[in-house]
Amino acid sequence: MLVKLSTRPALRRCASASALALALLGAGLPAAAAGRPQPDLARFYRQEPVWAACRGPDMPGDLECAKVTVPLDYARPDAGTLDVALARYRATGASHGSVLLNFGGPGGAGIPELATEGRQFMDLTDGYDVVTFDPRGVGRSSPVSCGEGDGAASTGPGLGADPARPQALFRQLRQAADQCARASGPVLAHIGTVNASRDLDVIRQALGDGKLNYLGFSYGTRLGAVYAAQFPGKVGRMALDGVDTLTEPPAEEALAGAEGQQTALEDFLDWCTTDLGCPFGQDRRAAGDEVVRLVRSLDRNPVPTDFGGAFTGQDLVGAVSRALYSKDLWPSLERALVSLVEDGDTRRVLAFALGGIGLPGGRPPADGGLSGDRPRTDGGLPGRSRTDGGLVDTEDVPADNLPAALIAINCADDPDRPDAARLTADLKRLRAAYDQASPVFGRYRLTQVLMCYGRPRGTDFIRNRVKDVHSAKMLLVGTRGDPATPYRWTVETARRLGPSAVVLDNKGEGHTGYSSSRCVHRKVDDFLLYGTLPASGSSCPANAAGAGAAPDGAG
């Protein structure tokens with residue numbers, strides 16, 4: 001691999017320094033860059049994180065935090081940097097290095113999730129430091145925003161996707177894109193999975209690992225697959241659970257998501273209507289209509305929130321969609337909906353809206369979000385403003401960071417940008433298809449797709465280059481009853497990645513399998529800890545007991 005050696009005097013003092021720079025720079029080059037002159041990234045690959053106890057009342061005493069610095073733009077590493085927040089639990093046994101976790105999203109911050117759900121991963125500390133991070137644009141790592149004043153999962157300024165008024169819709173979309181760009185700062189132009197994957201490799205080197213050991217959930221599987229394509233020789237033991245699509249256009253991906261979420265809602269209502277406390281009554285046939293009426297009523301007449309904004313029907317849809325990913329969350333969701341329907345209290349529902357998407361077994365705060373506080377993840381480091389590249393204080397993370405990052409990352413990963421004429425021709429058909437897929441989630445998912453209008457065209461790297469990966473074996477887990485990432489995506493992605501991919505078929509229900517299936521949990525841990533892979537196509541039974549490594553019935 002040809003590299004461009006630094007011309008700085010400090011790196012030319014002796015042959016050994018030049019050799020070190022060459023080795024470090026080579027470590028940071030994606031496979032696609034072979035043979036081309038590359039910027040000097042050696043200084044980023046020489047970092048050693050300084051670990052300290054994570055600050056904040058909600059931080060476990062044994063959770064340590066740190067940061068690494070990465071280029072804002074890998075093509076121009078001298079044009080600016082940003083800090084990426086890290087957290088870890090130290091290995092309790094003989095350490096083989098680190099295993100890096102990504103809990104999904106896109107837009108989910110890793111540190112608060114590891115702080116609250118870390119007990120699910122304690123078996124992995126037998127062989128690893130268990131590490132997570134807030135990806136660029138997320139959490140404390142230069143969080144993006146669209147300037148929303150509340151914590152609801154709004155994806156746009158009241159967009160109705162009205163086929164009768166397309167020009168008004170397009171103006172709103174452009175205004176929304178401009179507002180997000182103003183509120184987010186320079187990181188917005190450099191967000192996305194391809195750059196996040198480059199960050200992963202900097203983190204790998206900073207942790208002192210020759211290869212990346214990785215466990216990714218939902219969107220985290222997309223990130224893992226992109227890393228494997230960019231750095232195939234650096235893949236260690238990689239497990240991907242709840243496998244995302246690499247090929248479907250956003251409109252098709254979101255349509256599948258709406259269908260899956262509608263099925264999950266029907267299952268929730270089957271359960272809820274057997275309980276006298278169900279806010280939609282005990283008539284199962286009428287319960288679905290009651291949900292639709294509630295959403296439409298809140299869209300017409302939003303209610304105020306403690307964050308100072310208004311809570312709409314689409315905000316409710318976004319919150320409910322997260323709660324449906326795990327049956328363990330259904331009782332909390334029922335109580336949250338009772339508070340909303342009977343008292344107009346949005347706080348418990350907002351606890352879901354402020355949580356992650358695709359997080360395995362993630363839960364709302366124990367108080368249902370009633371305190372209005374966010375978990376602190378100070379990392380033992382002082383925060384700075386959101387636009388200077390330094391870590392921000394937890395209280396300065398925008399309330400809308402999750403939905404803003406979700407849209408920004410998905411748009412950055414998508415090369416399709418139909419113009420106004422194409423959207424005008426397609427809008428009526430799209431609206432009808434999404435409404436048919438789900439009368440509750442259809443509009444919400446369509447609006448997410450439309451929000452890419454007015455933004456720069458995304459990369460085609462994922463669609464065109466993430467395939468036929470020549471890396472170490474990777475374990476891909478697909479769950480048959482997954483409402484967010486259909487099982488067929490696991491099969492399709494495995495076929496696309498090639499012989500490196502080994503599929504584990506989880507016959508159970510829910511989004512991802514590690515938290516809900518003892519069998520999946522054991523097989524993933526065996527692979528990460530010992531390198532033991534199941535035969536490709538082997539399965540785990542449905543309705544397996546909760547993961548045995550998670551005490552107290554953790555989901």
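Biologist: What makes the link of Cys411 and Cys452 left-handed?

Modeller: The angle about the S-S bond is -95° in this predicted model, and the link of Cys411 and Cys452 is left-handed.

Biologist: How do you know that Cys411 and Cys452 form a disulfide?

Modeller: Their sulfur atoms lie 2.0 Å apart. A pair of cysteine sulfur atoms within 2.5 Å counts as a disulfide, so Cys411 and Cys452 qualify.

Biologist: Which parts does the pair tie together?

Modeller: Cys411 sits in helix H12 (residues 401–412), while Cys452 is in the loop between helix H14 (442–450) and helix H15 (461–465), so the bond ties together parts that are 41 residues apart in sequence.

Biologist: Why is Cys411 called buried? And what about Cys452?

Modeller: Buried means under 20% relative accessible area. Cys411 has 2%, so it counts as buried. Cys452 has 9%, so it is buried as well.

Biologist: What makes Cys272 and Cys278 a disulfide, and which hand does the link have?

Modeller: From S to S the distance is 2.1 Å, and the cut-off is 2.5 Å, so Cys272 and Cys278 are joined by a disulfide. With 110° about the S-S bond, this link is right-handed.

Biologist: Are Cys272 and Cys278 buried or exposed?

Modeller: Cys272 has 0% relative accessibility and, with the limit at 20%, counts as buried. Cys278 comes to 7%, so Cys278 is buried too.

Biologist: How do you know that Cys519 and Cys540 are bonded?

Modeller: Their sulfur atoms are 2.0 Å apart, and the limit is 2.5 Å, so they form a disulfide. The link of Cys519 and Cys540 is left-handed, with -70° about the S-S bond. Cys519 belongs to helix H17 (residues 518–530) and Cys540 to strand E12, so this pair links distant parts of the chain, 21 residues apart. Both Cys519 and Cys540 are buried.

Biologist: How many disulfides are there, and what is the pairing?

Modeller: A search of the whole structure finds 5 disulfides. With the bonded cysteines of the protein chain numbered in sequence order, they pair as 1-2, 3-4, 5-6, 7-8, 9-10.

Biologist: Let's turn to the sheet. What makes strand E1 and strand E12 edge strands?

Modeller: The open sheet has 10 strands in the order E1-E2-E3-E5-E4-E6-E7-E10-E11-E12, with mixed pairing. Strand E1 (52–53) and strand E12 (538–540) each pair on one side only, and they are the edge strands.

Biologist: How do you know that strand E10 and strand E11 pair?

Modeller: Two strands pair if there are at least two bridges between them. Strand E10 (residues 474–481) and strand E11 (residues 501–509) are joined by 7 bridges, so they pair; they run parallel. The bridge partner of Gly478 in E11 is Asp505.

Biologist: What else does Asp505 do with its side chain?

Modeller: The side chains of Asp505 and Lys507 meet in a salt bridge, at 2.9 Å from N to O. The cut-off is 4 Å, so the pair counts. Asp505, at 4% relative accessibility, is under the 20% limit and therefore buried. Lys507 has 36%, which lies between 20% and 50%, so Lys507 is partly exposed.

Biologist: Why is Asp78 called exposed, and what makes its contact with Arg43 a salt bridge?

Modeller: Exposed means over 50%, and Asp78 has a relative accessible area of 71%, so the word fits. Arg43, at 31%, counts as partly exposed. Their side chains meet at 3.5 Å, N to O, within 4 Å, so this is a salt bridge. Asp78 lies in the loop between E2 and E3 and Arg43 in helix H2 (residues 42–45), so the pair ties together parts that are 35 residues apart in sequence.

Biologist: What makes Arg293 and Glu290 another salt bridge, and how are they placed in helix H8?

Modeller: The N to O distance is 2.5 Å, within the 4 Å limit, so Arg293 and Glu290 form a salt bridge. Being 3 residues apart in helix H8 (residues 284–300), they are separated by about one helical turn. Arg293 is partly exposed at 45%, and Glu290 is partly exposed at 32%.

Biologist: How many salt bridges does the structure hold?

Modeller: The structure holds 26 salt bridges.

Methods:
Residues numbered from 1 in each chain as written. Predicted model: local features only at pLDDT ≥ 70, side-chain atom pairs only at ≥ 80, totals over all residues. Heavy atoms only, no water. Helix = DSSP H or I, 4+ residues; strand = E, 2+ residues; numbered from the N terminus. Buried < 20%, exposed > 50% of the residue type's maximum accessible area, 1.4 Å probe, protein only.
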